[in-house]
Every structure is written in structure tokens, then in C-alpha cells.
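Here is a set of short exercises to work through with the model open beside you. Try each task first, then follow the solution step by step.

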Amino acid sequence: MSISILIFSSCKKNNTPSATKIYKVKYTMACTDCEVIYVSDTTGTQSTEYHKNSSWSYSFNGKKDQELLFLAYNTSSVPQGVTATIFLNNSVAATQTNYCPISGDAFVVDTIR
């Protein structure tokens, strides 16, 4: 009898809560001179930065069901293509490229699922 109790107790599932899943969010863009507007944290704070180029990126840890918004807006005096990309855990979640004269922009949105 004691052997069967030992066997069943060793097969019991562990009911401890699993670790919280991490959602690494990263924004990047392709642009020579752009204004960027983006959600910058889990509370939905909107941030704006001016005169950024393709070397700019921003990262933070998001949360499940969070909406992500990212806009890159051409602020140079030269027409150019503008690309905005949202990465989630190092995979492309959303991307857009627009080729518009002078005031071109690229806007992407995604929700962490």
C-alpha cells in the first residue's frame, strides 16, 4: 500500500503558477529624418521624438492584449520612402512602407496576443 501512495504522489502535477510570459516589443524605422510617435510602455504612454533616422529604435516589455502603435513621419525636405516596423519577441509583428512626396508617413498597429 505504501508503494502505491509513493507512486501516485510522485505523479502529482505541480500547481505553482507559471512564469509570466515576456513580450519584448521593438520599434524600428527606415527614414533619413522623421518624427516618431509610439506607445512606449505597458500603461499606453505615447511618446514623440523628432529628427530621428534609421539608426533609431525603441524597446520595452509589453503585456498581453496591449495595443501597439507606431508612426514614422517624414520631416525632411526631400521625398523619401518611410518604413515603420514593430517586432514582437524578435519577429516582425507589423510593417508598412510608404513612398509619398515630402510628407510621407508609415503607420503600423498590432495587439499582443
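**Exercise 1. Classify Gln80 and trace its surroundings.**

Task: Decide whether Gln80 is buried or exposed, and find which side chains it joins through polar contacts.

Solution.
- Step 1. The structure is a predicted model, and in it Gln80 has a relative accessible area of 13%. Buried means under 20%, so Gln80 is buried.
- Step 2. Place the residue in the fold: Gln80 belongs to strand β6.
- Step 3. Look for polar partners. The side chains of Gln80 and Asn74 are joined by a polar contact of 2.8 Å, and a second one, of 3.1 Å, links the side chain of Gln80 to that of Ser76.
- Step 4. Widen the view to contacts. Setting aside residues up to four places away in sequence, Gln80 touches Cys31, Thr32, Asp33, Asn74, Asn98, Tyr99 and Cys100.

**Exercise 2. Follow one of those contacts to Cys100.**

Task: Work out where Cys100 sits and which residues it touches beyond its sequence neighbours.

Solution.
- Step 1. Cys100 lies in strand β7, which covers residues 91–100.
- Step 2. Its relative accessible area is 34%, so Cys100 counts as partly exposed.
- Step 3. Not counting residues up to four places away in sequence, Cys100 is in contact with Pro79 and Gln80.
- Step 4. Now compare sequence and space: Cys100 and Asn74 are 26 residues apart along the chain, while their C-alpha atoms are 9.0 Å apart.

**Exercise 3. Examine a buried acidic residue.**

Task: Find which side chain of opposite charge is nearest to Asp33, and which side chain makes a polar contact with Asp33.

Solution.
- Step 1. Locate Asp33 in the loop between β1 (23–30) and β2 (34–39).
- Step 2. Asp33 is buried, and the nearest side chain of opposite charge is Lys52, 9.2 Å away.
- Step 3. Apply the cut-off: a salt bridge needs a side-chain nitrogen of Lys or Arg within 4 Å of a carboxyl oxygen of Asp or Glu. Asp33 has no salt bridge.
- Step 4. Check polar contacts instead. The side chain of Asp33 makes one with the side chain of His51, at 3.0 Å.
- Step 5. Complete the neighbourhood: beyond four places in sequence, the residues that Asp33 touches include Lys52, Tyr73, Asn74, Ser76 and Gln80.

**Exercise 4. Account for the salt bridges.**

Task: How many salt bridges does the whole structure have, and which residues form them?

Solution.
- Step 1. Start from the principle: side chains of opposite charge can pair when their charged atoms come close.
- Step 2. A search of the whole structure gives two salt bridges.
- Step 3. One of them joins the side chains of Lys52 and Glu49, at 3.7 Å from N to O. Lys52 is partly exposed at 26% relative accessibility, and Glu49 is partly exposed too, at 23%.
- Step 4. Another salt bridge is between Arg113 and Asp65, whose closest N and O atoms are 3.1 Å apart. This pair links distant parts of the chain, 48 residues apart: Arg113 is in the segment after β8 (105–111), and Asp65 is in the loop between β4 and β5 (67–74).
- Step 5. Arg113 has a relative accessible area of 65%, so this residue is exposed.

**Exercise 5. Build outwards from β1.**

Task: Which strands pair with β1, and what does Tyr23 contact?

Solution.
- Step 1. β1 runs antiparallel to strand β4 (residues 57–62), joined by six bridges. Within this pairing, Tyr27 stands opposite Tyr58.
- Step 2. β1 also pairs in the antiparallel sense with strand β6 (residues 80–88), again over six bridges. Here Lys26 faces Phe87.
- Step 3. Tyr23 is in β1 as well, and is buried because its relative accessible area is 9%.
- Step 4. Beyond four places in sequence, the contacts of Tyr23 include Phe60, Lys64, Leu88, Ile112 and Arg113. Tyr23 and Lys64 are 41 residues apart along the chain, with 7.5 Å between their C-alpha atoms.

**Exercise 6. Step back to the whole chain.**

Task: What is the order of elements, and where does pLDDT stay under 50?

Solution.
- Step 1. The protein chain has one helix and eight strands, in the order α-β-β-β-β-β-β-β-β from the N terminus.
- Step 2. Of its 113 residues, 32% count as buried.
- Step 3. The mean pLDDT is 85, with 81% of residues at 70 or more. Over residues 2–11, pLDDT stays under 50, and the model has zero contacts there beyond four places in sequence.

Technical notes. Residues numbered from 1 in each chain as written. Predicted model: local features only at pLDDT ≥ 70, side-chain atom pairs only at ≥ 80, totals over all residues. Heavy atoms only, no water. pLDDT = per-residue confidence, 0-100. Contact = heavy atoms within 4.5 Å. Helix = DSSP H or I, 4+ residues; strand = E, 2+ residues; numbered from the N terminus. Buried < 20%, exposed > 50% of the residue type's maximum accessible area, 1.4 Å probe, protein only. Lys, Arg positive; Asp, Glu negative; His and termini not counted. Polar contact = N/O pair within 3.5 Å; in protein donor to acceptor, adjacent residues only side chain to side chain. Pairing = 2+ DSSP bridges.
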